[in-house]
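Q: I'm new to this model and would like a close look at one part of it: the empty space. Please take me through it slowly, along with the parts around it.

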Amino acid sequence: MPALGELYDTADARLSQVPGALRAGLDTSQRAALAADLDRFLTRLQASFGGTEPTRAIVASDLTAHLAMAQTEVRTALRLLPEPSPTDAGRARMLFTEATHAVSAVRDVIESHRSVDRMPLTPYAYHFSSQPALDYLTRRTADLAWQAGQISHELTQGMMHPGVADALTNARRYLDQAAVFGRAGTRNTDPAAAAFPLALPVEPVQVGADPTHRLPAGLEDDCERLSRASFEVLHDRTDHRLSGSDVQHLSRWAAMGRLLSGRLLLRVADQHPDAPTAEALRSAAGHLRDAAQAWQGAAAKWRRIVDVADPRAHPKLPPPSYEIVRRGQVVQLPQVVPHPAAVIMHTSVTRLGKLLYGPQWSPDGVARGPGQPRPAGEILTDTRGEGRLAATLYRLPATGRQLALAAPAAIQRAKSGLVTDSPEHRPPGLDRGIHWYPIHEHQAEPLCVAYEAVGRAEEAAAASLLRVAENAGTAVPRALLDIAAYRQLAAGPGEQGTPDRARVRQQERAAAAKSRSTGYHVLPAAVSLGPKTDDSAAVGPRKELPEHRRGTHTSR
């Protein structure tokens, strides 16, 4: 789905071609059909920027009033014209239809970021609560109003009916005035609003047999889904919570994705004729390698930690003894559906591998060797140049930064079901037959800190890719949108925000120190764990621990 600015550009381009298609001569029935198209377009145009409450309150009243008056005049002309024939089709009407569809999609894109009860679904949902973003809608609407006025003027040429000619002339005058009022006071529009995307659902997606030139668009869609997933995790907006196994798998796939992204840049750099551009590509590849190491380091922190509610990720278990099998004390691990975010991250890695090595590449075949990379020319053809390649790969660390910010929230919610067999954290005096026990605060804290390091590495990688795109002359307005979204996520739940992350982290450390001294786990007041739930129901029966417990063995 195109971004908001692309929809407006499409509508503007189609409308600008309509007057030229009308100069071949029109009969009365054709004028009636085109006037009906103009009426439908004005209806959609007014609805396109009236979808949200803040827009209706702030958008220039003169613009809306003149659009309404212009539509009244067009409908007056329609009453005086004969009934349009359904067979009156042509290039002009086709262009009008495409412009109307593009304008209709504007509201759909904006509304996709909120639910039916107006709750935000993504971190971008708050973007149009700012005046510059609303001014962008006003300015683009004014530009389309001016184009519609030109079409209304063309419809009056050669019109013999004086009433129709007067109505369409008045419509053109109101549309021109609407354009003037809409452009006035909107010079400081938000350029990031042009990159406002369609919110995609967080659902598992797989890589089909698409040609390689479609892989970059698929990567961008994967990032849209992961961004929404990070918002849902941070705000606890989904019933399918991110488990410890999901976070671990997501971290490992993210590390592999950053490595493949870096290899893509190195492949292009090795065959690039311009030395400064090649050096910039290698520098960005180095930052992506650092991000991969940070993700891998975060995944390594899960060693010897298992989520009993979802033990898909667990250490290698020894085979059960004969005595345990004879007593019937073998317990099967629960089968849990992975979180869609983990599946989407796996899919993004597959797309990157296919872009680098070809359609035959698969993550399952990495052990046998990835094969030979594709020629740099083919990669640049599929990604439309090194600038667009950098802009596409930028989306990965930008989204990864949001996921790293949400990971500690997922860990906090899953902490009551996390167990370990770490000898150094074994509670004193614990029965020797108990091999797994709840994690200590000394293990939970490094997990959260590791993802803070991931966020810093992803930020550096995103900045380096933006520099490559800038040097190649490729604008990335989406970067401004991502910065605002990250600030919204970092502010915490609620549109007004919560205490900053540094203060929350300080309070968490103080609470951890208090819990170590008193033996009780204390949470700081600033930390929101979401609605209260029945932990015993979420974790499951204690007998489903992943290894021996009081003589009971768990098999894979």
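A: Let's start with what counts as empty space: on a 1 Å grid over the protein atoms alone, a pocket is an open set of points with protein on both sides within 12 Å along at least five of seven lines, a cavity is a set where a 1.4 Å probe fits but cannot get out, and a lining residue has an atom within 4 Å of a point. This is a predicted model, and local features need pLDDT of at least 70, side-chain atom pairs count only at pLDDT 80 or more, and totals for chains, interfaces and linings use all residues. Residues are numbered from 1 along each chain as its sequence is written, and side-chain values use heavy atoms, with hydrogens and water left out.

Now to the largest pocket. It holds about 800 Å³ of space, a volume being the space filled by probe spheres set on the points, which are joined across faces, edges and corners. Its lining is made of 30 residues. If you want a spot to zoom in on, go to Ala-3, Glu-6, Glu-220, Arg-388 and Arg-395, which lie nearest the centre of the pocket.

What sort of residues line the largest pocket, by class? There are 15 nonpolar, 4 polar and 11 charged ones (Ala, Val, Leu, Ile, Met, Phe, Trp, Tyr, Cys and Pro are nonpolar; Asp, Glu, Lys and Arg are charged; the others, Gly among them, are polar).

Where do these lining residues come from? At least two each are supplied by helix H1 (4-22), helix H8 (215-235), helix H13 (376-383) and helix H14 (386-414). The labels come from DSSP runs numbered from the N terminus, with helices (H or I) of at least four residues and strands (E) of at least two. Across the chain there are 18 helices and 5 strands.

Let's stop at H13, one of those four suppliers of the lining. Its buried residues are Ala-376, Ile-379, Leu-380, Asp-382 and Thr-383 (buried is under 20% relative accessible area, exposed over 50%, partly exposed in between, with a 1.4 Å probe and protein chains only). They sit on the same side of H13, because they cover an arc of only 160 degrees around the axis, taken from the directions from the helix axis to the C-beta atoms. What covers this buried set? The cover includes H8, helix H9 (244-270), helix H12 (340-357) and H14. H8 and H14 also help line the largest pocket.

Both ends of H13 are worth a look. Before it comes Pro-375, in the loop between H12 and H13. Pro-375 counts as partly exposed because its relative accessible area is 39%. Leaving out residues up to four places away in sequence, Pro-375 touches Arg-267 and Gln-271, where contact means heavy atoms within 4.5 Å. Arg-267 is 108 residues from Pro-375 in sequence, yet their C-alpha atoms are 7.8 Å apart in space. At the other end, H13 is followed by Arg-384, which has a positive phi near 65 degrees.

H1 also lines the largest pocket, and the segment before H1 holds Pro-2. Pro-2 is partly exposed, since its relative accessibility is 35%. Setting aside neighbours within four places in sequence, you'll find Pro-2 in contact with Leu-7 and Val-109. From Pro-2 to Ala-102 is 9.5 Å, C-alpha to C-alpha, although 100 residues separate them in sequence.

H8 leads into another loop, the one between H8 and H9, where you'll find Asp-236. Asp-236 isn't a glycine, but its phi is positive, about 55 degrees. It counts as buried because its relative accessibility is 14%.

What about closed spaces? Searching the whole structure turns up 7 cavities of 30 Å³ or more. The second largest has about 90 Å³ of space and a lining of 13 residues, with Leu-242, Leu-250, Leu-403, Ala-406 and Ala-407 nearest its centre. H8, H9 and H14 each give two or more residues to that lining, and the largest share, 4 residues, is from H14. By class, this lining has 12 nonpolar residues, 1 polar and no charged, next to the 11 charged residues that line the largest pocket.

Finally, step back to the chain as a whole. Of its 556 residues, 52% are buried. Among contacts with a separation of 6 or more, 81% are between residues 24 or more positions apart.
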